[in-house]
Amino acid sequence: MSYKIYKENINPIHGVLFDMDGVVLDTEKLYARFWAEAAHALGYPMTYEQALGMRSLNSAAGQAKLESYFGPGVSRAEMRKKRVELMDAYVAQFGVEAKPGIHELLDYLKGQGIRTAIATSSPMERAKSYLDSLGLTAKFDCICSGHDVAQGKPAPDIYLKAAASIGVPPANCLAIEDAPAGILSAYRAGCWPVLVPDLDGSDEEMRKTLYAEADSLLDIIHLL
């Protein structure tokens, strides 16, 4: 059991909202890999650290991030199209994996009567396809896609939608995330953000917005 609590006096928790990639599914490593490969294919020398910075960003934020890396001539739309092509080919051959502890955590939450929802930046079709392949879709009360809200992460829209979808106020929801844009989205929505690190951990700035940081999904059970 390993977790750190950064804020005390949390509200009663009646809902838990999950980012998908890097939290429920072990796919963030694929996004980092294929953002870099797509960039290289288009002639941009993206580093691994830069690829990590692309996680969970909406279109405008992603374009701004790429321009900060490579200047104003770069196209997020073109690079994302290439990234999707490369990653889809990989997943079609090898599939995706669940993160350790997700089945146990979801079973625990169901037993406690705590409602659950996915709050993902991925398109709904892809989210359901990935979750279906691992028998996870039916374990969530609702699945929400950032493609169905006005603004994606780091705007709060997706977490507001996910909380509403399960009928629980954001102030009574934990939000489990692995990326800075997602943590900020959950915080702005009024949820209690919990970081479960995947490819990188927290920094001092992020900790100002966190309720807690846990080493694994199983630690969420002890945290609750």
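## A guided tour of the predicted model

Begin by selecting P154, which is found in the loop between β4 (142-145) and α7 (157-165), and keep in mind throughout that this is a predicted model. The peptide bond that leads from K153 to P154 is cis, with omega near 15 degrees. Such a bond is worth a look, since most peptide bonds are trans.

From that loop, move on to α7 and add helix α8 (residues 180-189) to the selection, where you will find that the two axes come within 7 Å and cross at roughly 60 degrees. That angle makes α7 oblique to α8, and the crossing of the two helices is right-handed. To see the contact itself, show I158, Y159 and L160 in α7 together with G182, S185, A186 and A189 in α8. Sorted by class, the residues of this contact of α7 with α8 comprise five nonpolar, two polar and no charged ones.

Next, turn to another pair, helix α1 (residues 28-41) and helix α4 (residues 76-94), whose axes come within 8 Å and cross at roughly 125 degrees. These two helices are therefore oblique to each other, and their crossing is right-handed. On the α1 side, the residues to select are L30, Y31, R33, F34, W35, E37, A38, A39 and A41, and they meet R76, M79, R80, K82, R83, L86, M87, Y90 and V91 on the α4 side. The residues of this contact of α1 with α4 divide into 12 nonpolar, no polar and six charged.

Now look into the interior, bearing in mind that in soluble globular proteins nonpolar side chains tend to be buried together. Which residues have the most contacts inside the largest nonpolar core? Select F18, V24, L131, I176 and I220, for these have the most contacts within that core, which has 48 residues. Its largest share, eight residues, comes from α1. Centre the view on L131 and, leaving aside its neighbours within four places in sequence, you will find L131 in contact with M20, V24, L25, I118, L136, T137, F140 and I143. Apart from this core lies another, of 15 residues, among them I158, I166, A189 and C191.

Then select Y130, which is found in helix α6 (residues 124-133). Is Y130 buried or exposed? At 5% relative accessibility, Y130 counts as buried. Not counting residues up to four places away in sequence, Y130 touches M20, L25, M87, D88, V91 and V96. Add D21 to the view as well, because it shows how the chain folds back on itself in numbers: Y130 and D21 are 109 residues apart in sequence and 9.9 Å apart in space, C-alpha to C-alpha.

Finish the tour with two backbone details, for which it helps to know that most residues other than glycine have a negative phi. The loop between β1 (3-5) and β2 (15-18) holds N9, which has a positive phi of about 60 degrees although it is not a glycine. With a relative accessible area of 73%, N9 is exposed. The other stop is S56, in the loop between α2 (48-52) and α3 (59-70), where S56 has a positive phi of about 65 degrees although it, too, is not a glycine. S56 counts as buried, at 14% relative accessibility, whereas N9 is exposed.

Key: Residues numbered from 1 in each chain as written. Predicted model: local features only at pLDDT ≥ 70, side-chain atom pairs only at ≥ 80, totals over all residues. Heavy atoms only, no water. Axes fitted to C-alpha atoms, helices over the stretch in contact; angles between N-to-C directions. Helix = DSSP H or I, 4+ residues; strand = E, 2+ residues; numbered from the N terminus. Parallel < 35°, antiparallel > 145°, perpendicular 65-115°, else oblique. Left-handed = near helix turned anticlockwise from the far one by under 90°. Contact = heavy atoms within 4.5 Å. Nonpolar A, V, L, I, M, F, W, Y, C, P; charged D, E, K, R; others polar. Core = buried A, V, L, I, M, F, W, Y, C linked by side-chain atoms within 4.5 Å. Buried < 20%, exposed > 50% of the residue type's maximum accessible area, 1.4 Å probe, protein only.
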